[in-house]
Amino acid sequence: MADLQPPFYRRLPAWAYVLIFSLGHFTVDFYAAIVTPLLEEFRSMYQLKTWQIFAYTAPATIFGSLLQPVLGVVADRFNRGLLAGIAILMTAFFLSQQGAAVQPIILTLMLTIGSVGVGMFHPSSAAAVSQISGKRRNFLMAIFIVSGMTGLASAGVVVTRFVTQDGVVQLGRTVLLMPIGVIIGLMVIGTAPFAPGVRVEDRTDSPETFRAVFRDIFSKDFGPIRILCAIACIRAFSLITFQNLVPFLAKDRGWSLEMGGGTISAQLFLLGIGGLIG
């Protein structure tokens, strides 16, 4: 009797798994970026002051970012491909519903839970891609990084045009973006967990404990890493500040919602090129 072959999705080449993770990266970063070009519309809908809409949306960004190191330690103890797929589903489900939030506190809740999905995806998927890339690690990691940049850069252009119908902004249409992310999330769950190196038992690296991670962070050897982290924080602060300003600047100058979204997309596109070169 001939040996039974495993399903095709359990024996894909490494580059195919990287493309699957990259598609997930594009999807997650796209959903993560759709709130920024809509900030002025949310402020107007809820009849809030500018500082108030930032107060409702900023906690989600901060929470999702601060949670990533913790979720990275969690990802070291579970199947990274499975976690990446679950993260995409969380992101797509909650962040796509932000336009349907009838109260600002509900918007905060949707953004915060969705940001947990974003924070869960990045450490698990980046580690998985690095693990399975082998000798072509630099090239395949570049593809993975560029996919996320593309998702970020395209969100402003796509979502502002998607929610505008005959010149009227309909924020509730963001819900219609959900099925695409759900389909991609299910595809990642169905394939990525079988990639080489994503399961705990297949790894050559050993999972770190919380104590070991924080001990290493404050050791002398991590001095350059701490400097790079500080630079990254300053860069992120500058980026987010400028992005959040654009929707209000566009409204003040009489630009359309699409023009504001296009400005954000252009800035993120150029930022992505600079980041890739750097």
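Is Gln47 buried or exposed? In this predicted model, Gln47 comes out as exposed, because its relative accessibility is 71%, and the cut-off for that label is over 50%. The residue sits in the loop linking α2 and α3. Its backbone is a bit unusual too: phi is positive, at about 55°, even though Gln47 is not a glycine. For context, most non-glycine residues have a negative phi. Asp166 tells a similar story, with a positive phi near 55° in a residue other than glycine. This one is in the loop between β1 (164–165) and β2 (168–169), and it counts as exposed because its relative accessibility is 82%.

Zooming out, the protein chain is built from eleven helices and two strands. Reading from the N terminus, the order of elements is α-α-α-α-α-α-α-β-β-α-α-α-α. Of the 278 residues in the protein chain, 42% are buried. Among contacts with a separation of 6 or more, 81% join residues that are 24 or more positions apart. The accessible surface adds up to about 14800 Å², and carbon and sulfur atoms own 69% of that.

On the inside, the largest nonpolar core holds 47 residues, and Phe21, Phe42 and Ile53 have the most contacts within it. Seven helices, namely α1 (14–33), α2 (39–46), α3 (50–66), α5 (80–95), α6, α7 (137–162) and α8 (178–191), each chip in at least two residues of this core. What does Ile53 touch, leaving aside residues up to four places away in sequence? The list runs to Leu39, Phe42, Arg43, Tyr46, Leu48, Leu107 and Phe248. There is also a second, separate core of five residues, with Ala153, Leu239, Val246 and Ile264 among them.

Helix α6 spans residues 104–132 and is home to Ser124. This serine is buried, since its relative accessibility is 0%, and the cut-off for buried is under 20%. Its side chain still has a polar partner: a polar atom of the Ser124 side chain lies 2.8 Å from the backbone oxygen of Met120.

Back on the surface, Ile225, Ile227, Leu228 and Ile231 make a nonpolar patch of about 390 Å². Ile225 belongs to helix α10, which covers residues 223–252. With a relative accessibility of 40%, Ile225 counts as partly exposed, because that value falls between the 20% and 50% cut-offs.

Methods
Residues numbered from 1 in each chain as written. Predicted model: local features only at pLDDT ≥ 70, side-chain atom pairs only at ≥ 80, totals over all residues. Heavy atoms only, no water. Helix = DSSP H or I, 4+ residues; strand = E, 2+ residues; numbered from the N terminus. Buried < 20%, exposed > 50% of the residue type's maximum accessible area, 1.4 Å probe, protein only. Polar contact = N/O pair within 3.5 Å; in protein donor to acceptor, adjacent residues only side chain to side chain. Patch = residues over 30% accessible without salt bridge, like charges linked within 9 Å, V, L, I, M, F, W, Y side chains within 5 Å. Areas by Shrake-Rupley, 256 points an atom, 1.4 Å probe, with all protein chains shown as cover. Salt bridge = Lys/Arg side-chain N within 4 Å of Asp/Glu carboxyl O. Core = buried A, V, L, I, M, F, W, Y, C linked by side-chain atoms within 4.5 Å. Contact = heavy atoms within 4.5 Å.
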